[in-house]
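Me: Let us go through the empty spaces in this model and the strands around them. Short answers, please.

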Amino acid sequence: MIQKSDKIWMDGNLVDWDKATVHVLTHTLHYGLGVFEGIRCYRTEKGSAIFRLDEHIDRLFASSHIFNVEIPYSKRDIRQAIIKTVRTNKLRECYIRPLVYIGCGAMGLYPKGNPISVAIAVWPWGAYLGDEGLEKGIKIKVSSFTRHHVNSSMTRAKVCGYYVNSQIAKKEAIACGYDEALLLDPEGYVSEGSGENIFIVRNGKIKTTPVTTILEGVTRDSIITIARDNRIPVHEELFTRDEIYIADEAFLTGTAAEVTPIREIDGRQIGIGSRGKITQKLQSIFFDIVKGKNKKYEAWLSRI
């Protein structure tokens with residue numbers, strides 16, 4: 001269950017958690033057109049720091065731009081609001097959820113003149129796929145549901161309604177005894193998880209899906225950068241599900257999932273059946289960075 005914090009930022013005002021409500025006829029609630037971000041704030045030896053805040057804000061505005069939803073605040077406004085909300089709630093570590101939504105007004109598919117609102121909530125949140133999953137790896141299932149086609153949904157945007165696809169895939173996976181789902185693209189190639197990007201390791205080289213049919217993950221970009229900085233080759237190219245079956249290692253990345261190893265897919269053990277050496281190395285470097293222990297990547301932290 002979500003752990004309540006004290007205040008939620010709503011259109012410039014800090015509102016009590018239980019009073020942060022919207023009208024039942026809020027347009028986004030009915031039709032799903034809203035954009036959001038998931039961001040993490042970590043505790044470091046020098047206080048709290050938000051990981052790659054500016055990149056997340058850039059993606060929030062890019063998502064809005066793709067769908068012609070004009071955010072009534074500047075990037076600087078949103079940045080300051082996020083920091084203020086974290087500070088106000090006195091959380092040393094937390095998950096941050098900015099949400100841009102279309103408010104109550106005209107109904108029907110075209111929200112002519114409806115107000116655009118922004119909310120920012122923060123709350124404590126541990127490992128999304130479990131602490132054990134971070135260490136020992138998780139079991140995933142290739143979903144019977146397909147990821148969005150690029151001409152039916154614009155996949156570069158992080159849109160509320162898109163996650164219906166993710167929910168049904170994840171529900172199916174859990175019902176079948178797995179921890180997470182993996183979706184294929186309309187051509188049958190590996191796309192991404194329900195809320196994560198995927199990487200595989202074979203013969204010391206890393207592969208990850210190109211951004212054509214996936215959300216361009218901030219954590220994904222971070223891991224690609226870290227790997228290349230450590231002279232681990234990374235290739236962005238299409239691959240099939242059976243290539244995961246014979247991979248030496250595999251892992252998922254995302255703000256919520258962070259860097260989570262995959263130990264099994266579709267009943268098949270991956271590599272040694274636990275976290276592999278390259279995955280462990282990247283995971284270790286990543287957590288050192290977000291906790292402020294690696295000065296090389298200090299620019300990725302917004303200290304508050």
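Me: Which helices and strands each supply at least two residues of the lining of the largest pocket?
Reply: This is a predicted model. Two helices qualify: helix 5 (163-175) and helix 6 (218-229). The strands are strand 6 (94-102), strand 10 (190-193) and strand 14 (249-254).

Me: Which element gives the most to that lining?
Reply: Among the contributors of at least two residues are strand 6, strand 10 and helix 6. The top contributor supplies five residues. That element is helix 5.

Me: What is the volume of the largest pocket, and which residues are closest to its centre?
Reply: The volume is about 930 Å³. The lining has 39 residues. Closest to the centre are F36, R97, K158, Y163 and G195.

Me: How many charged residues are in the lining of the largest pocket?
Reply: Split the lining by class. There are 16 nonpolar and 15 polar residues. The charged residues number eight.

Me: How much space lies in the second largest pocket, and which residues are closest to its centre?
Reply: The space is about 340 Å³. The lining of this pocket has 14 residues. Closest to the centre are A20, V22, L99, Y101 and A119.

Me: Which elements each supply at least two residues of the lining of the second largest pocket?
Reply: One helix is on the list, helix 1 (27-31). Strand 6, which also serves the largest pocket, is there too. The others are strand 1 (7-10) and strand 7 (116-123).

Me: How many nonpolar residues does the lining of the second largest pocket have?
Reply: Take the other classes out first. Two residues are polar and one is charged. The nonpolar residues number 11.

Me: Why is strand 7 largely enclosed by the rest of the structure?
Reply: Buried here means under 20% relative accessible area. Strand 7 is largely enclosed because that term applies to most of its eight residues. The number buried is seven.

Me: How many bridges join strand 6 to strand 7?
Reply: Strand 7 has an antiparallel pairing with strand 1 through two bridges, where W9 partners I120. Strand 6 also runs antiparallel to strand 7, and I102 there has I116 as its bridge partner. The bridges between strand 6 and strand 7 number eight.

Me: Are the two faces of strand 14 covered or open?
Reply: On one side, E249, F251 and T253 are buried. On the other, A250, L252 and G254 are buried. Six of the six residues are buried, so the strand is largely enclosed by the rest of the structure. Both faces are covered.

Me: Which residue in strand 14 is the bridge partner of F199?
Reply: Strand 11 (residues 197-202) runs antiparallel to strand 14. Five bridges join them. The partner of F199 is F251.

Me: Which residue in strand 15 stands opposite G254?
Reply: Strand 14 and strand 15 (residues 258-265) run antiparallel, with four bridges between them. A hairpin through three residues joins the two strands. Opposite G254 stands E258.

Me: Which strand gives the most to the lining of the largest cavity?
Reply: The whole-structure search finds one cavity of 30 Å³ or more. The largest cavity has a volume of about 50 Å³. G254 and E258 are among its lining residues, as are I39, R40 and Y42. The top contributor, with three residues, is strand 4 (residues 39-44).

Methods:
Residues numbered from 1 in each chain as written. Predicted model: local features only at pLDDT ≥ 70, side-chain atom pairs only at ≥ 80, totals over all residues. Heavy atoms only, no water. 1 Å grid on protein atoms, 1.4 Å probe; cavity = no way out; pocket = protein on both sides within 12 Å on 5 of 7 lines; lining within 4 Å. Points joined across faces, edges and corners; volume = space filled by probe spheres on them. Nonpolar A, V, L, I, M, F, W, Y, C, P; charged D, E, K, R; others polar. Buried < 20%, exposed > 50% of the residue type's maximum accessible area, 1.4 Å probe, protein only. Pairing = 2+ DSSP bridges.
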